[in-house]
Amino acid sequence: MISKVNTLRESLVNMVKEIIESSSDLKDISQILSRISKDSEANSREVVTAVSEIAKGAEKQANDAETTAMSMNEMNDILVKEIDLIEELNSALLKIEDRKSHGTSIVEELIKNTHKSMNSSEEINNIILKNSESADKIEQASVMIESITTNLSSLVSAFEI
C-alpha cells in the first residue's frame, strides 16, 4: 500500500512539475501575445480585440494552472505527512505485537509456576496430614505408656507391700 502511495506521490510530483512548466510557458506566451497585440493595434482594431481576448484567456488559464499546481503541491505535502503517519502507526503496531507476545510469554510462565506452586502446596498438605497422623499415633502411644507406667507403679507398690 505504501509503495502505491509513493508511486501516486511521484506521479503527482511529476504532473505538478509539468503543470508549473506549462503554466510558466503559457504566461510567457501570454505576455508575448499582449506585446504583439499592442504593436498591431494601429493595423486593425478587430485583430487587437481578438488577440487581447485570447491573451486574457491564456493568462487566466496560466493563473488557473498555477493555482492548480499550488493545490497539487499542498496535496503532495499532505500525502507525505500521511505516509509518515502510516509508517509511525505501523511501527507502533509492531511494538504492540512484541509487547503482546512478551506478555503472553510471561502469563504462560506464571501459569506454569502457579501449577508448580499448587503441586508443592498439595505435597506440603499431604506431609502435614501424615505428620498429624503420626502425632496422633505418638499421642496414643504416650497414653498407653503412661497407662503402663501407672500400672507398673501400682504393681511395684503392691509388691512392696
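**Entry 1: salt bridges**

I began with aspartate 64, whose side chain meets that of lysine 60 in a salt bridge, 3.0 Å from N to O. The model is a predicted one, and I kept that in mind throughout. I asked how far apart aspartate 64 and lysine 60 are in helix H2. They are four residues apart, which means about one helical turn separates them. I then looked up the cover on aspartate 64. Its relative accessible area is 38%, so aspartate 64 is partly exposed.

I looked for another pair and found lysine 100 with glutamate 97. Their closest N and O atoms are 3.8 Å apart, and they form a salt bridge. The cut-off here is 4 Å. Lysine 100 and glutamate 97 also sit in helix H2, three residues apart, so about one helical turn lies between them. Is lysine 100 buried or exposed? I noted 51% relative accessibility for lysine 100, and it counts as exposed because the limit is over 50%. Glutamate 97 has a relative accessible area of 40%, so I wrote it down as partly exposed. How many salt bridges does the count come to? I got two.

**Entry 2: a charged patch**

Next I turned to negative charge on the surface. Which residues gather there in a patch? I listed Glu18, Glu21, Asp25 and Asp28. I picked aspartate 25 for a closer look. Aspartate 25 belongs to helix H1, which covers residues 2–40. Its relative accessible area is 45%, so aspartate 25 is partly exposed. A patch residue needs over 30% relative accessible area, and aspartate 25 therefore passes that limit.

**Entry 3: the nonpolar core**

I went inside next. The largest nonpolar core has five residues: Leu12, Val16, Ala69, Met72 and Leu79. Which helices supply at least two residues each? They are H1 and helix H2, the latter spanning 45–160. I also checked which helix gives the most to this core. It is H2, with three residues.

**Entry 4: a nonpolar surface patch**

Back on the surface, I found nonpolar side chains too. Met144, Ile148, Leu152, Leu155 and Phe159 form a patch there. Together they have about 570 Å² of accessible area. I took two of its members in turn.

Phenylalanine 159 lies in helix H2. At 67% relative accessibility, I put phenylalanine 159 down as exposed. Leucine 152 is in helix H2 as well. I noted 47% relative accessibility for leucine 152, so it counts as partly exposed.

**Entry 5: distances along H2**

I stayed with leucine 152 for a distance. How far is its C-alpha atom from that of serine 121? I read 45 Å, with the two residues 31 apart along the chain.

Then I tried asparagine 125, also placed in helix H2. Its relative accessible area is 41%, so asparagine 125 is partly exposed. Between the C-alpha atoms of asparagine 125 and valine 143 I read 27 Å. Those two residues are 18 apart along the chain.

Key
Residues numbered from 1 in each chain as written. Predicted model: local features only at pLDDT ≥ 70, side-chain atom pairs only at ≥ 80, totals over all residues. Heavy atoms only, no water. Patch = residues over 30% accessible without salt bridge, like charges linked within 9 Å, V, L, I, M, F, W, Y side chains within 5 Å. Areas by Shrake-Rupley, 256 points an atom, 1.4 Å probe, with all protein chains shown as cover. Lys, Arg positive; Asp, Glu negative; His and termini not counted. Charge placed at Lys NZ, Arg CZ, Asp CG, Glu CD. Buried < 20%, exposed > 50% of the residue type's maximum accessible area, 1.4 Å probe, protein only. Core = buried A, V, L, I, M, F, W, Y, C linked by side-chain atoms within 4.5 Å.
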